[in-house]
Amino acid sequence: MDSTSVVIVEESLPRDIMEVLDSMRRSKELSDVTLVVEDREIVAHRAVLAACSPYFRAMFLSGFSEASEQKIILKEVDANAVELIVGYFYTSELEVNVSNVEEILRICVLLRLNSLVDHCETFLRRNMTPANCVGLQFVADLFCLEELSQHASRFALWHFASVYKEDEFKKMPYKQLKDLIKDDSLKVQSEEMVFEAVLQWISHDTNARKDFVPDIMQYVRFPLMNLQYLHGSSSIQKLTRDYRMCKELIREAISYQTAVESKSTTAIDNFRVRPRMASEEIFVIGGWSNGQKISSVQCFNVDTLEWTVVAGMSVAHVSREDYIRVVAVGDELYTVSRYKVGKYDPIANSWIQVATGPDVQCKWAGVCEYEGYIYVVGGHSSMCAKQFDTETMMWRSLPSMMYARYYPGVGVMKGKIYAVGGLDHLWAPLNTAERYNPHTNQWEAISSMSTARWSLGVAVLSEKLYAIGGSDNRESCSNSVEMYDPGTDTWSQSVAAMNAGRRCLGVAVVNDTIYVVGGRVTNSIEYYDEERNTWVVVGAVNTRCNFGCVALRIL
């Protein structure tokens with residue numbers, strides 16, 4: 001007689017069991033342990049606590065007194081957070097928000113709930129702001145969360161201009177302040193800002209912090225300040241009177257600046273005369289080369305003049321017809337194509353789709369950003385333009401433009417969106433330009449360029465708009481540049497020509513300097529020296545065109 005067997009798998013059984021156990025916990029049925037936290041009693045089952053937490057498992061199986069006690073006292077933890085986590089053990093659900101995440105994290109570290117620790121860490125990184133990054137770094141260091149600590153440190157360095165105005169900055173430990181001020185990557189508009197921030201930190205508790213003055217002032221780069229400030233600041237004068245070390249530092253700075261202004265040599269050579277290198281990097285994303293789609297992402301550091309491939313950031317393959325445009329919104333990176341909007345998640349190191357696209361062939365359109373809105377301009381015979389709200393993830397159509405524009409140059413200047421050149425509905429090159437005012441919801445014409453251009457680059461610098469390169473017919477690649485002054489509504493051809501003609505190029509502004517990257521028939525990188533009115537070649541990019549090009553600092 002043949003014997004047969006069957007394996008029965010009831011996939012819902014674990015969930016059903018936990019639902020019953022949770023109901024029993026709430027009704028205090030067969031509960032055999034009570035956690036006492038801040039005079040609150042939280043009943044549970046030892047087996048469930050031990051199964052979910054290595055901390056409780058070790059406690060109950062250790063032979064210590066807690067193994068048999070009915071009530072276990074937990075000290076220095078939040079009762080609400082403990083109750084939420086015990087509920088999570090039974091339901092697998094836990095609501096984390098900005099109000100409770102730090103207390104929940106504290107308990108997760110205690111109970112060795114590594115998965116929840118990771119979730120809390122991710123939540124904190126996503127919700128980091130200038131107001132909380134200092135405190136979050138302290139919390140991360142307290143719980144030995146190295147990745148969170150490094151992220152908070154990078155965030156504080158990059159957003160220092162806002163961070164030092166927050167209350168947390170005034171309360172930060174001395175070592176944390178010192179590490180910030182020492183760092184070459186501290187992003188500041190001037191070294192005077194660093195000095196003012198340090199003074200603010202000292203004055204918050206002068207009696208307790210005055211002994212730190214000689215040490216911390218060594219890391220303020222006084223030689224990078226201008227002579228007028230060094231001679232005229234009352235704060236600096238007081239420091240030189242009260243501290244011998246500060247007097248020597250100011251003397252060094254004045255000597256260095258005097259030598260710089262007189263263009264003479266100086267013997268001073270230390271980290272204080274080294275400019276900080278908190279530059280954004282130029283990201284080149286996707287594009288085409290020799291008829292092939294490129295998915296890799298590279299970034300160019302304008303300080304080191306080096307390229308690096310950004311591992312894991314490659315753009316997902318899209319069909320040949322589905323070109324993408326790339327735009328930065330704050331510190332976030334978006335891609336826009338005809339049918340979808342993508343966003344790079346630096347924490348998950350992946351691209352995610354966040355919305356449908358504008359239903360406009362984006363290879364023919366221009367894309368820019370203003371105040372959290374992404375604008376897709378042109379790219380259609382209907383003279384259309386569309387606006388995407390990155391908060392609501394919704395599109396809306398704008399009033400019709402004055403011209404149909406394929407391959408226009410677009411940019412934002414003084415709160416208005418500019419559309420420059422392009423090809424009209426008959427694919428004839430345009431020299432016209434117009435701008436959109438988001439407050440009046442209207443387009444208006446501005447003066448025309450002297451040269452028709454399409455597939456050009458646009459940059460905005462010092463409240464002037466630059467129309468860079470492009471083509472005035474089907475095949476040519478121009479190296480000329482025109483500059484628009486909104487105050488006089490005029491275009492000027494006084495800007496020097498680039499070293500190479502280019503269209504389908506990338507343009508980025510870093511450290512108040514315009515960079516142009518690659519394009520059709522050339523792969524060089526140049527920057528515009530505004531003071532000398534000349535373009536300087538500083539590198540090259542892999543041969544490619546129609547790529548995304550943005551200046552960005554990814555944290």
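This section describes the overall dimensions, helical and strand elements, aromatic pairs and selected residue environments of a predicted protein model.

The predicted model contains 17 helices and 29 strands. Its C-alpha trace extends over about 90 × 90 × 50 Å along the principal axes. Of the 555 residues in the protein, 49% are buried. Where contacts link residues at least 6 apart in sequence, 54% of these contacts join residues at least 24 apart.

Among the helices, α7 comprises residues 133–142. Seven of its 10 residues are buried, so α7 is largely enclosed by the rest of the structure. The buried set consists of C133, V134, G135, L136, Q137, V139 and A140. These buried residues pack against six helices, namely α5 (101–111), α6 (114–126), α8 (146–158), α9 (160–163), α10 (167–171) and α11 (174–182). After α7 comes C144, which has a positive phi, near 60°.

Strand β4 spans residues 281–285, and five of its five residues are buried, so this strand is likewise largely enclosed by the rest of the structure. The side chains alternate in direction: E281, F283 and I285 point one way from β4, whereas I282 and V284 point the other way, and every one of these residues is buried. Strand β4 is joined by five bridges to β7 (residues 297–301), and the two strands run antiparallel. Within this pairing, F283 is placed opposite C299 of β7. Five bridges also connect β4 with β29 (residues 548–552), again in an antiparallel arrangement. Here I282 has A551 of β29 as its bridge partner. Strand β4 is thus linked both to β7 and to β29.

A further set of strands forms an open sheet of four members in the order β21-β22-β23-β24, with antiparallel pairing. Its edges are formed by β21 and β24 (490–492), each of which pairs on one side only. From one strand to the next, the twist averages 25°. Strand β23 (residues 481–485) is joined to β24 by three bridges, and these strands run antiparallel. The bridge partner of M483 in β24 is S492.

The residue R453 lies in the loop that connects β20 (442–446) and β21 (457–461). With a relative accessibility of 1%, R453 is buried. Its side chain makes a polar contact of 3.3 Å with the side chain of E482. Beyond its neighbours within four places in sequence, R453 contacts G421, G422, L430, A467, G469, S471, S478, S480, V481 and E482. The polar partner E482 is therefore also listed among the residues in contact with R453, which itself counts as buried.

Another loop residue, N431, is located between β18 (416–420) and β19 (433–437). In contrast to the buried R453, N431 is partly exposed, having a relative accessible area of 28%. Although N431 and T451 are separated by 20 residues in sequence, their C-alpha atoms are 5.7 Å apart in space. When residues up to four places away in sequence are disregarded, N431 touches S448, M449, T451 and A452.

Aromatic residues were examined across the whole structure, and the search yields 27 aromatic pairs. One of these is formed by Y164 and F169, whose ring centres are 6.5 Å apart and whose planes are at 80°, so the pair is edge-to-face. Both partners are buried: Y164 has a relative accessibility of 14%, and F169 has a relative accessible area of 0%. For Y164, this classification follows because the value of 14% falls under the 20% cut-off for buried residues. Elsewhere, W364, Y406, Y407, W427 and W454 together form one aromatic cluster.

Aromatic rings also lie beneath charged groups. The charged end of K187 is positioned over the ring of W158, at 4.0 Å from the ring centre. In a second case, the charged end of R25 sits over the ring of Y90, and the distance to the centre of that ring is 4.9 Å.

Terms used. Residues are numbered from 1 along each chain as its sequence is written. This is a predicted model: local features need pLDDT of at least 70, side-chain atom pairs count only at pLDDT 80 or more; totals for chains, interfaces and linings use all residues. Side-chain values use heavy atoms; hydrogens and water are left out. Rings of Phe, Tyr and Trp (its six-membered ring) pair if their centres lie within 6.5 Å; planes under 30 degrees apart count as stacked, over 60 as edge-to-face and the rest as tilted. Buried means under 20% relative accessible area, exposed over 50%, partly exposed in between (1.4 Å probe, protein chains only). A charge sits over a ring if NZ of Lys or CZ of Arg is within 6 Å of the ring centre and within 35 degrees of the ring normal. Two strands pair if DSSP finds at least two bridges between them. A polar contact is a pair of N or O atoms within 3.5 Å; within protein, one must be able to donate a hydrogen and the other to accept it, and residues adjacent in sequence count only if both atoms are side-chain atoms. Contact means heavy atoms within 4.5 Å. Axes are lines fitted to C-alpha atoms, for helices over the stretch in contact, and angles run from 0 to 180 degrees between N-to-C directions.
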